[in-house]
Every structure is written in structure tokens, then in C-alpha cells.
Amino acid sequence: MGFISRGFRGKRRDTADSGRLPPGQYLVNDYPVLSAGPTPRPNLDTWTFSIEGEIDTPKKWTWQEFLALPAETVTKDIHCVTKWSKFDTTWKGVSFDTLFEGVETAAEYTTQFSDGDYTTNLPLEDLVDGKAWIVYEYNGEPLHPEHGGPARMLVPHLYFWKSAKWIRGVRLDKEQQPGFWETNGYNNYGDPWREQRYWGD
Amino acid sequence: MILGASSVTGEISLNPHEVRAFGVTSRGPLLWTQAELVELVHETPRVASLLFNVPDWPGHLPGQHVDIRLTAEDGYQAERSYSIASPPEERSVALTVERLDDGEVSPYLVGELRVGDKLELRGPIGGHFVWRAGDDRPLLLVAGGSGVVPLMAMLRHRAAASHKTSARLLFSSRTFADIIYREELDRLAAASDGLTIFHTLTRDTPQGWTGFTRRIDAAMIQQVAWPKEQTPAVFVCGPTPFVEAAADLLVGVGYDPLWVKTERFGATGASGG
Ligand SMILES: Cc1cc2nc3c(=O)[nH]c(=O)nc-3n(C[C@H](O)[C@H](O)[C@H](O)COP(=O)(O)OP(=O)(O)OC[C@H]3O[C@@H](n4cnc5c(N)ncnc54)[C@H](O)[C@@H]3O)c2cc1C
């Protein structure tokens, strides 16, 4: 018999959809914010998105060029390591499969880098085959700076800190290099379904 | 598209330098342990401090938090994060929780839980929003409502340290009665050891109130914040809208965004004006 909290019943607001909720998460209707510092407000005239590192010819797009890329609209559930989950969030942006077209690399890992000096690391495998996007619209509106606008990563199958806000580029790495939260106690991979929140989970 | 075959791994290897940077030595998995409530202190009508005896507590840094997990008889569970209010110098772990009447976990912690009860807890968690007394930069703390909790761990740590950095706390509460830790803050400020505390009340002010009486704004930040030439260490904590506003104002007075560390309690932490 496991531990029981005397007198605790719980609200069970989420039971109808409980199969969609990873362990330890609860459902919210609003959209909370998690970030380590103030919200950056980059200038779109000088904004670029680049792919660099283990790549023969690094790639770079300006904001206008980025908006001209083929875009997709996707609806996904998102899961924040601070325990909230939100269902059916709708985003518009560019799939990594599009961004990586023609790219040859020996890298197996990637580091996302953002305005505000934020980085997060992901296996390359987790960015491809329709698993990750750079998004610039949320629910049909331009992405608000608080939520990572002008553009952020969307990697919905991992905890949401892996979806770097204010994204400026991806570096292809041969070795795995822990990013910002990953060097600050948070898990290197971050699968919500295996509750990989912290080091050692 | 040709991409190298990658192997997904959840393993991490960290070099000793990074482990030291985190501040706590051994980094095995963070296991759930049963913590016993040994003392309950009512801070305000809606806020209580809970003192736990946590077996084998590894120690923590001011600013870190724990996760707590509640389990109902049928196995239903709820988890939430709570900042640690006690300084590293103390053996027991104190949390300070604001009761949200329609919330799931906080009304249990403030209302149901009694001395002698246990709950499951794991931590300490977080290596970014932390402060050590050895940091020489002037300290600026900005709190909205229960956002004062991790900042209180910093002030308590500072009070216990031999070398005391100059520090300022700007604390926004709704009413006088809602000021968490009011008497302890008064005592800390009265020590005249380089700590200045500024209160602002956003709803209601008592007769003779000499603090600010509005939401934080540019003029208030101008008046309270260290000049940017002093390159302060800044910690902002509270409900998300409060943190957004405060952090923007600090960048507005010329602070480098990298000096400003934020912790957002989410849309859920309702207080702070
Ligand atoms: C790192 C961190 C540190 C924190 N530290 C502290 C701390 O020191 N002290 C503290 O008091 N808090 C702290 N918090 C906040 C804390 O984790 C909880 O979010 C808070 O206690 C509320 O939890 P709850 O279960 O009582 O409310 P919840 O059940 O989570 O509800 C919160 C609010 O949202 C509403 N709500 C949520 N879901 C629904 C739904 N499906 N339908 C309708 N309404 C809904 C509720 O009515 C309520 O008003 C911290 C959070 C983080 C991330």
C-alpha cells in the first residue's frame, strides 16, 4: 500500500480527459508563462533564424524570408514542467522538416539558441519527421512576446521548456551539450509521459 | 533529407564543475520522501507557513523549490511546486502557501493539513533562481504577494551570514493584513545592517501608512532600484503579470536583462495586487 494523504480528495477537474494528461500534470484553460528573466523584444528588421554547427553550408533566413517559407497549422497538447498542461493549442509556423531540407550532417544533437541567452538541447531525432516547428502565430494571432514571439520552437512531445521562446537558431552538435535549464537541475531529455522533470528522473 | 541516425537518450552526464555550480553535491535521482508537518503558522488570513521535518534533507540554496505530491485513497494524485522559505542554515524545510479557495492543493495545505500529518515531497529543485550570501553585488528583491517566499529564504540567509551585502526589497501586497511575514520583515529592517524594505499596497491602506499605495510603476522602480552602474543582482517573483511588469520596468531603467532572474508562480498565484 502506497502513501495516502489523510483527508485529500482532489478536485479531479481533468478526469474526463485523464488519458491525455501525463503523470503529475493538471489541466489549465489559461496560458501560464515560464521564463528565466525579462521578456526580450527583438527588432524584426535585424531578426534572423540560422542553422549552424555541423553543417557544410550554414543556413540563415531573415524575418521576411522566414514568413515566405511553406507554413503549417497544427493543434497540439502542451505540457509544462511546472505541472500545467493545456490541450488543443493551435499554432502556425514552419516544420523542421522544411528547414532541414537538403541538410547533411553527422550531428546527433542540437542546441536551440534564443534572445536572452537561453539555450536548450534536443536530440536531432526529436526535431524531424513532423515532431517540431518554429511557430509565429498562436490561435490565429501573432505570437505574443511573453509566450516567445516573434517566433518560438514548438516540440510538443517534450516538456515545454524544450520549446525555446524567442528562438534565433539551431546549432547541430556531435555531442550532447546541456542547455540552460538542463544545467540547472532539469532533465536532459524531458519526456512528460515518463515524468522526466529533473536530473536523474 | 539526409540526417545522421540519432540515438535518443535520457541519460545525462554532468561534469563536476556543473555539479558544483548547482550548489548541492550528490545528484542522484530526486526521490519522493515523506515529510512530517511539525509546525503551522498563520501569516495572514489566507497564508500559512508549514514547517516540515524532512528525513535526510540534503540542504538547499535560497530560491530553490520543492515538489509536493498528494495522494487520495483511491490513488488519485496531485502535484504542485512550492518555494522553500527557510534558509539553508535551518534543518527543517518551511513552505509558505497562499490558499486559493477554489484551488485543488493549496486549500488542503492551508485548511486540512495538521501537525503530525505527512505528505510526499521531493527537492531541492532549480539552480537558476538562487542566491548565495557570498555574492557581492547589491541585491534587489521584488515580490508580489506569495512571490515573497523564495526571496524570504534569501533574506533569512543574508541575516545569518557574516558578510551582509546591501539589499533592498520592494514588496507589493493587496492590503496591510495581506503582508506576509510583516513582523519578521520589520525586525530584519530594524537591524540596520544594510537592508531596506519598501512596501506598496494596491487595494486598501491603513491610517498613517507611509509606504507606496499603488501598483509598481516606473517612478517606484526609479526610486527603489539600485543605480544600474552598481550592476545589482535582481530577483523578481510573483504572479505572472506582476513579474512581467516588474521585469520590463527594470529593463526600462537600463538593467541588463541578464541581471534579472524571475520566477513566475503562474496564473494561479492570485495575489500581489
Ligand atoms: C516554482 C514555483 C514555486 C511556487 N511557489 C509557491 C509558494 O511558495 N507559495 C504559493 O502559495 N504558491 C507557490 N506556487 C504556486 C503553486 O504551485 C500552486 O500553483 C498554487 O498553490 C495553486 O495550486 P492549487 O492546487 O491550490 O490551485 P489549482 O487547482 O491549480 O487552481 C489554481 C486556480 O486556477 C483555477 N483553475 C485551475 N484549473 C481549473 C479548471 N480546470 N477549471 C476551473 N478553474 C481552474 C482554480 O479555480 C484556481 O483559482 C509556486 C509555483 C511554482 C511554479
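Trainee: How many residue pairs does the rule find in polar contact across the interface of chain A and chain B?

Mentor: In this predicted model, the rule finds 20 such pairs across the interface of chain A and chain B, with both residues at pLDDT 80 or more. A polar contact is a pair of N or O atoms within 3.5 Å, where, within protein, one must be able to donate a hydrogen and the other to accept it, and residues adjacent in sequence count only if both atoms are side-chain atoms.

Mentor: Residues are numbered from 1 along each chain as its sequence is written, while chains are lettered from A and ligands numbered from 1 in the order in which they are written. Local features need pLDDT of at least 70, side-chain atom pairs count only at pLDDT 80 or more, totals for chains, interfaces and linings use all residues, and side-chain values use heavy atoms, without hydrogens and water.

Trainee: Why is the pair of A:Lys83 and B:Glu79 called a salt bridge?

Mentor: The closest N and O atoms of A:Lys83 and B:Glu79 are 3.8 Å apart, and a salt bridge requires a side-chain nitrogen of Lys or Arg within 4 Å of a carboxyl oxygen of Asp or Glu, so this pair qualifies. Between chain A and chain B the count is eight salt bridges, whereas between domain 1 and domain 2 of chain B the count is zero.

Trainee: What area do chain A and chain B bury between them?

Mentor: Chain A and chain B bury about 5200 Å² between them, 54% of it on carbon and sulfur atoms, where buried area is the accessible area (1.4 Å probe) that two parts lose on being put together, summed over both. In chain A, the residues that lose the most area to chain B are A:Phe3, A:Phe8 and A:Trp199, together 17% of what that side buries.

Trainee: Which domains does the assignment give for chain B?

Mentor: The assignment, which is automatic or from a database, gives domain 1 (33-125) and domain 2 (139-265) of chain B. Their C-alpha centres lie 24 Å apart, and their contact (heavy atoms within 4.5 Å) takes 18 residues from domain 1 and 17 residues from domain 2 of chain B. Domain 1 and domain 2 of chain B bury about 1400 Å² between them, 58% of it on carbon and sulfur atoms.

Trainee: What makes strand 3 and strand 6 of chain B a pair?

Mentor: Strands are DSSP runs of E, at least two residues, numbered from the N terminus. Pairing takes at least two bridges found by DSSP, and six bridges join strand 3 (residues 47-53) to strand 6 of chain B, so these antiparallel strands pair.

Notes: Helix = DSSP H or I, 4+ residues; strand = E, 2+ residues; numbered from the N terminus.
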